[in-house]
Amino acid sequence: MDSTVQPPYPSSRRLIRVMNLDVDLAGQRVLRDITFTLHENETLGLIGPNGGGKTTLLRTIIGLVRPSAGRIAFAGSQQPNGVERPRVGYLPQGEVENLRSFPIRTYDLALLGAEGEAVSAAGPKEESHRRARIALRDMGLAQQIWSRPISALSGGQRRRALLAMMLSGENKLLLLDEPCESLDHPARRKLYQALQRIRDHREVGTMIATHDSRLLREVDSVIAVDGRIAARGTPEQLLHNGEGVLRQCGMHEGFAGMR
Amino acid sequence: MWIEMLGHSFMRTALTAGLVIGAVSSLLSFFVVQKGLAFAGAGISHAAFGGLALGTFLDRDPLLVGGVFAVGTALILANLSKGKTLTPDIAIGIAFSGSMAMGVILISVSRGQYFGELFSYLFGNILAVSSTELWAISLLALIVGAFMWLFFRGLLIMTLSKDVACAQGVPVRWLDCALLTAVAITVILSVRLVGVVLASALLVLPGAIGHMLSGHYRGVIAVSMGTALLSITIGLGLSYRLDWPAGASIVATLVAKFIVTTLLFSSWPSLSKRLSGSYIGRIISSEKR
């Protein structure tokens with residue numbers, strides 16, 4: 001199997017380079033010798049069994065977990081704001097800690113994502129509002145829901161609102177952990193389309209940890225993680241050469257539908 | 001009554017100090033309630049008592065020594081994480097009781113010499129605020145207020161989810177330390193007003209009432225601030241009229257408001273919806289779509 005995957009656009013800049021990464025959690029080695037590169041406009045799928053280390057890998061990239069060995073290099077490592085990595089939109093797995101009880105409207109959540117944490121909004125205020133509206137529509141949230149408090153939404157709608165928060169921001173990197181979780185089929189379709197649009201129109205790199213084989217049709221390359229990189233390649237390469245790995249990840253049947 | 005009350009310069013100073021402290025603590029109260037820091041607030045304020053007692057005993061400025069204790073406890077708490085053997089909860093329990101024990105021992109060693117002064121730190125003595133202290137209170141409140149204003153969005157995202165905030169480049173560790181330090185400073189400011197035992201009430205009740213009445217963070221903060229300022233004014237009025245202790249009167253007013261609000265909105269949940277709905281409605285109509 002190929003050890004490198006060509007970026008989707010030859011001119012794409014490299015966003016992250018992960019080199020020989022080892023991660024230990026509570027004294028146990030969870031990830032071993034992980035090496036890969038992510039480019040702008042590239043979407044990378046992470047597959048693997050439960051406990052394979054997909055979430056840990058995403059959390060290590062953000063800096064929530066400290067690696068035991070290896071390096072993560074970000075493009076143009078020193079950012080203007082002094083942070084050593086670009087702004088990342090991170091969608092955690094499952095229900096987000098305090099979101100359910102947080103007093104905020106759906107619209108304002110998307111707007112918070114667009115404006116970011118800076119004291120004054122990054123761009124013109126109208127631009128932030130525009131981005132928030134687009135992201136909410138992209139996630140299929142009807143306008144009558146925008147004014148509702150987030151606590152009044154269903155679990156799936158809340159997940160979509162959180163995705164809108166990630167998509168509305170000027171993030172250079174999107175790390176989505178099981179984004180399809182609790183989404184119905186129309187919402188999933190909307191998500192696939194939104195990710196496609198982002199890849200085509202914005203210089204953003206995306207990593208998606210997923211068990212949804214349909215979502216893997218949208219990615220440029222796939223890494224199968226099971227404590228180490230068990231396989232990598234384009235979805236087609238994995239389809240033709242990686243049957244054993246896919247079976248191990250429980251995604252064999254889903255991929256069969258792509259043949 | 002109000003005119004007569006405000007005719008006394010010490011009452012004017014007390015009310016001004018109360019309103020300044022009320023404004024800053026109600027602003028912090030939103031984050032204390034949302035982040036579940038109520039116990040941390042109580043722990044920090046009780047930990048300050050050991051410092052206040054030590055300062056009194058050593059003839060140093062008690063509020064300064066108490067402040068060092070409060071900020072020290074806050075910084076230790078901010079650097080403890082869940083999932084380890086020493087969790088924030090356990091650390092608060094230790095700091096809380098250890099510091100109180102130290103204070104009680106110092107009272108005993110001094111043979112009750114400082115009892116009166118330390119008692120006022122326990123339950124507050126707003127009428128003893130000097131104009132110099134009022135300036136110090138205002139300056140510190142301004143610093144805490146400026147911090148909240150400058151880092152408001154970062155604090156919001158961090159309260160929503162630390163992981164999401166960290167990914168977006170919010171300096172989560174630093175903000176956590178700063179937020180708990182702001183709580184510690186506010187606790188020390190509140191010592192004169194309500195005392196260490198009641199200080200956490202100002203950090204918890206306004207935010208809790210705000211949360212019941214509004215579904216939007218701006219609304220929660222507005223209600224929280226209104227509630228705190230009104231309760232401090234009413235509490236001081238009660239204290240003046242009925243000769244009740246000022247700190248206890250303020251806290252009793254806040255608790256009464258909380259109970260009335262709870263009863264009102266548990267009996268008529270639609271009232272809450274209508275209220276928060278109308279607030280939200282106003283914000284929406286002012287925004288372009």
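**Close-up 1. Bridge partners in the three-stranded sheet of chain A.** In this predicted model, I16(A) has F74(A) as its bridge partner in β4(A), and a further bridge to β4(A) joins D22(A) with A69(A). Both residue pairs can be followed along the pairing of strand β1 (residues 14–25) of chain A with β4(A), which runs in the antiparallel sense over 5 bridges. The open sheet shown here consists of 3 strands in the order β2-β1-β4 (chain A), and its pairing is antiparallel. Its edge strands, each of which pairs on one side only, are β2 (28–39) and β4 (69–74) of chain A, and from one strand to the next the twist averages 15 degrees. Helix α1 (residues 54–62) of chain A packs on this sheet and touches β1, β2 and β4 of chain A, with a direction that makes about 115 degrees with that of β1(A).

**Close-up 2. The hairpin of β1(A) and β2(A).** Strands β1(A) and β2(A) are connected as a hairpin with 2 residues between them, and in the turn A26(A) has a positive phi of about 50 degrees. The two strands pair in the antiparallel sense over 8 bridges; within this pairing, V18(A) stands opposite F36(A) of β2(A).

**Close-up 3. The six-stranded sheet of chain A.** A second view of chain A is centred on an open sheet of 6 strands, ordered β5-β6-β7-β3-β8-β9 (chain A), in which the pairing is mixed. The edges are formed by β5 (88–91) and β9 (229–233) of chain A, each pairing on one side only, and neighbouring strands are turned against each other by 15 degrees on average when direction is ignored. At the β5(A) edge, β5(A) and β6(A) pair in the parallel sense over 4 bridges, and Y90(A) stands opposite L175(A) in β6(A).

**Close-up 4. The contact between the two domains of chain A.** Chain A is divided into domain 1, which comprises 8–86 + 172–259, and domain 2, which comprises 104–171. Their contact takes 15 residues from domain 1 of chain A and 11 residues from domain 2 of chain A. On the side of domain 1 of chain A that touches domain 2 of chain A, β6 (173–177) and α6 (185–201) of chain A each supply at least two residues, and the largest share, 6 residues, comes from α6(A). By class, this side of domain 1 of chain A has 10 nonpolar, 1 polar and 4 charged residues.

**Close-up 5. The contact of chain A with chain B.** Across this interface, 30 residues of chain A are in contact with 26 residues of chain B. The elements that give two or more residues to the side of chain A that touches chain B are β5, α2 (106–115) and α3 (125–138) of chain A, and the largest share, 3 residues, is that of β5(A). By class, the side of chain A that touches chain B has 16 nonpolar, 8 polar and 6 charged residues.

**Close-up 6. Helices α4(B) and α10(B).** In chain B, the axes of helix α4 (residues 62–78) and helix α10 (residues 172–193) come within 8 Å and cross at roughly 150 degrees; since angles over 145 degrees count as roughly antiparallel, α4(B) and α10(B) are therefore roughly antiparallel to each other. The crossing of these two helices is right-handed. Among the residues of α4(B) that take part in the contact are L63(B), G66(B), A70(B) and L77(B), while α10(B) contributes residues including D176(B), L180(B), V187(B) and V191(B). The residues of the contact of α4(B) with α10(B) divide into 14 nonpolar, 4 polar and 1 charged.

**Close-up 7. Helices α3(B) and α10(B).** Helix α10(B) also meets helix α3 (residues 38–57) of chain B, the axes of the two coming within 9 Å and crossing at roughly 55 degrees, and α3(B) and α10(B) are therefore oblique to each other. The crossing in which α3(B) passes α10(B) is right-handed. From α3(B) the contact is made by A40(B), G41(B), I44(B), S45(B) and A48(B), and from α10(B) by L180(B), V183(B), A184(B), V187(B), I188(B) and V191(B). By class, the contact of α3(B) with α10(B) has 9 nonpolar, 2 polar and no charged residues.

How values were computed:
Residues are numbered from 1 along each chain as its sequence is written. Chains are lettered from A and ligands numbered from 1 in the order in which they are written. This is a predicted model: local features need pLDDT of at least 70, side-chain atom pairs count only at pLDDT 80 or more; totals for chains, interfaces and linings use all residues. Axes are lines fitted to C-alpha atoms, for helices over the stretch in contact, and angles run from 0 to 180 degrees between N-to-C directions. Angles under 35 degrees count as roughly parallel, over 145 as roughly antiparallel, 65 to 115 as roughly perpendicular and the rest as oblique. A crossing is left-handed if the near helix is turned anticlockwise from the far one by less than a right angle, and right-handed if clockwise. Two residues are in contact if their C-beta atoms, placed from the backbone, lie within 7 Å. Ala, Val, Leu, Ile, Met, Phe, Trp, Tyr, Cys and Pro count as nonpolar, Asp, Glu, Lys and Arg as charged, and the others, Gly among them, as polar. Domain bounds come from an automatic or database domain assignment. Two strands pair if DSSP finds at least two bridges between them.
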